[in-house]
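Me: Please take a close look at one part of this model, the charged side chains that pair across the sheet, and set that part in its surroundings with care about what was computed.

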Amino acid sequence: MRKSMLMDGKKYMWDGVEYRDESEANGAVENYAAAGFETRRIRENGRDYLFTRRVVTEIKVEGAPS
(Lines give C-alpha, C1' and ligand atoms only; values in the text may rest on other atoms or scores of the structure.)
Protein backbone atom coordinates (compact mmCIF):
# COMPACT_ATOMS: atom_id res chain seq x y z
CA MET A 1 0.00 0.00 0.00
CA ARG A 2 1.16 3.54 -0.70
CA LYS A 3 2.30 5.51 2.34
CA SER A 4 0.65 8.71 1.16
CA MET A 5 -1.99 9.74 -1.33
CA LEU A 6 -3.36 12.98 -2.78
CA MET A 7 -7.15 13.18 -2.63
CA ASP A 8 -9.17 16.30 -3.36
CA GLY A 9 -5.92 18.26 -3.57
CA LYS A 10 -4.89 17.28 -0.02
CA LYS A 11 -2.17 14.91 1.14
CA TYR A 12 -3.25 11.99 3.34
CA MET A 13 -0.99 9.47 5.07
CA TRP A 14 -1.79 5.75 5.38
CA ASP A 15 -2.22 4.76 9.03
CA GLY A 16 -0.37 1.48 8.41
CA VAL A 17 -3.24 -0.88 9.25
CA GLU A 18 -5.09 -3.37 7.04
CA TYR A 19 -8.66 -3.48 8.39
CA ARG A 20 -10.34 -6.85 7.90
CA ASP A 21 -13.92 -5.63 7.93
CA GLU A 22 -15.97 -2.49 7.59
CA SER A 23 -16.97 -2.29 11.27
CA GLU A 24 -13.33 -2.33 12.38
CA ALA A 25 -12.52 0.46 9.90
CA ASN A 26 -15.59 2.46 10.97
CA GLY A 27 -14.44 2.33 14.60
CA ALA A 28 -11.03 3.66 13.61
CA VAL A 29 -12.62 6.46 11.54
CA GLU A 30 -14.63 7.54 14.60
CA ASN A 31 -11.51 7.54 16.78
CA TYR A 32 -9.57 9.59 14.22
CA ALA A 33 -12.44 12.09 13.90
CA ALA A 34 -12.56 12.52 17.68
CA ALA A 35 -8.82 13.26 17.63
CA GLY A 36 -9.23 15.95 14.94
CA PHE A 37 -8.21 14.01 11.82
CA GLU A 38 -9.79 13.98 8.37
CA THR A 39 -10.05 10.40 7.10
CA ARG A 40 -10.45 8.77 3.68
CA ARG A 41 -11.06 5.06 3.15
CA ILE A 42 -9.80 2.92 0.27
CA ARG A 43 -10.98 -0.67 -0.31
CA GLU A 44 -8.59 -2.97 -2.19
CA ASN A 45 -8.37 -6.78 -2.31
CA GLY A 46 -11.09 -7.18 0.32
CA ARG A 47 -9.31 -4.97 2.86
CA ASP A 48 -10.00 -1.44 4.03
CA TYR A 49 -7.17 1.08 4.27
CA LEU A 50 -7.45 4.43 6.03
CA PHE A 51 -5.62 7.57 5.04
CA THR A 52 -5.62 10.45 7.49
CA ARG A 53 -4.57 14.06 7.74
CA ARG A 54 -4.68 16.40 10.66
CA VAL A 55 -6.09 19.86 10.19
CA VAL A 56 -3.86 22.56 11.65
CA THR A 57 -6.02 24.84 13.77
CA GLU A 58 -3.39 26.74 15.71
CA ILE A 59 0.29 27.56 15.24
CA LYS A 60 2.34 28.38 18.33
CA VAL A 61 5.57 30.30 17.96
CA GLU A 62 7.89 30.45 20.93
CA GLY A 63 10.56 33.05 21.53
CA ALA A 64 11.03 36.61 20.32
CA PRO A 65 10.64 37.39 16.62
CA SER A 66 13.93 37.71 14.75
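Reply: K10 counts as partly exposed, at 30% relative accessibility, and in this predicted model K10 forms a salt bridge with E38 in which the closest N and O atoms are 3.7 Å apart. Because K10 lies in strand β2 and E38 in strand β3, this pair ties together parts that are 28 residues apart in sequence. E38 also meets the side chain of R53 in a salt bridge, with an N to O distance of 3.5 Å, and since E38 lies in strand β3 and R53 in strand β4, that pair ties together parts that are 15 residues apart in sequence. R53, at 23% relative accessibility, counts as partly exposed; the cut-off that matters here is that buried means under 20% relative accessible area. Taken together, K10, E38 and R53 are linked in a network of salt bridges. As a general point, side chains of opposite charge can pair when their charged atoms come close.

The backbone supplies the setting for this network. The sheet is open, with four strands in the order β1-β2-β4-β3 and antiparallel pairing. At its edges stand β1 (4-7) and β3 (37-44), each with a single partner strand, so one side of each is left without a neighbour in the sheet. Direction ignored, neighbouring strands of this sheet are turned by 35 degrees against each other on average. Helix α1, residues 22-34, packs on the sheet and touches β2, β3 and β4, while its direction makes about 165 degrees with that of β3.

Within the sheet, β3 and β4 pair in the antiparallel sense over eight bridges. E38 has R53 in β4 as its bridge partner, and the side chains of E38 and R53 also meet in the salt bridge already described. Elsewhere along this pairing, I42 has Y49 in β4 as its bridge partner. On the β2 side, strand β2 (residues 10-19) pairs with strand β4 (residues 47-54) in the antiparallel sense over four bridges; here E18 stands opposite Y49, and Y19 has D48 as its bridge partner.

The hairpin of β3 and β4 has two residues between the strands, and in it N45 takes a positive phi near 50 degrees, although N45 is not a glycine. N45 counts as exposed, at 76% relative accessibility. A comparable entry concerns the loop between β1 and β2, where D8 lies: its phi is near 55 degrees, a positive value in a residue other than glycine, and D8 is exposed, with a relative accessible area of 64%.

The network can also be set beside the other charged contacts, for a search of the whole structure finds five salt bridges. One of them joins the side chains of R2 and E44, at 3.7 Å from N to O. This pair links distant parts of the chain, with R2 in the segment before β1 and E44 in strand β3, 42 residues apart. R2 counts as partly exposed at 45% relative accessibility, and E44 likewise counts as partly exposed, at 32%.

A last surface feature is nonpolar: V56, I59 and V61 make a patch of about 370 Å². V56 lies in the segment after β4 and is exposed, with a relative accessible area of 62%.

Note on methods:
Residues are numbered from 1 along each chain as its sequence is written. This is a predicted model: local features need pLDDT of at least 70, side-chain atom pairs count only at pLDDT 80 or more; totals for chains, interfaces and linings use all residues. Side-chain values use heavy atoms; hydrogens and water are left out. Two strands pair if DSSP finds at least two bridges between them. Axes are lines fitted to C-alpha atoms, for helices over the stretch in contact, and angles run from 0 to 180 degrees between N-to-C directions. Contact means heavy atoms within 4.5 Å. Patches are made of residues with over 30% relative accessible area and no salt bridge: like charges are joined within 9 Å, nonpolar side chains (Val, Leu, Ile, Met, Phe, Trp, Tyr) within 5 Å. Accessible areas come from the Shrake-Rupley method with a 1.4 Å probe; for residues, only the protein chains shown count as cover. A salt bridge is a side-chain nitrogen of Lys or Arg within 4 Å of a carboxyl oxygen of Asp or Glu. Buried means under 20% relative accessible area, exposed over 50%, partly exposed in between (1.4 Å probe, protein chains only).
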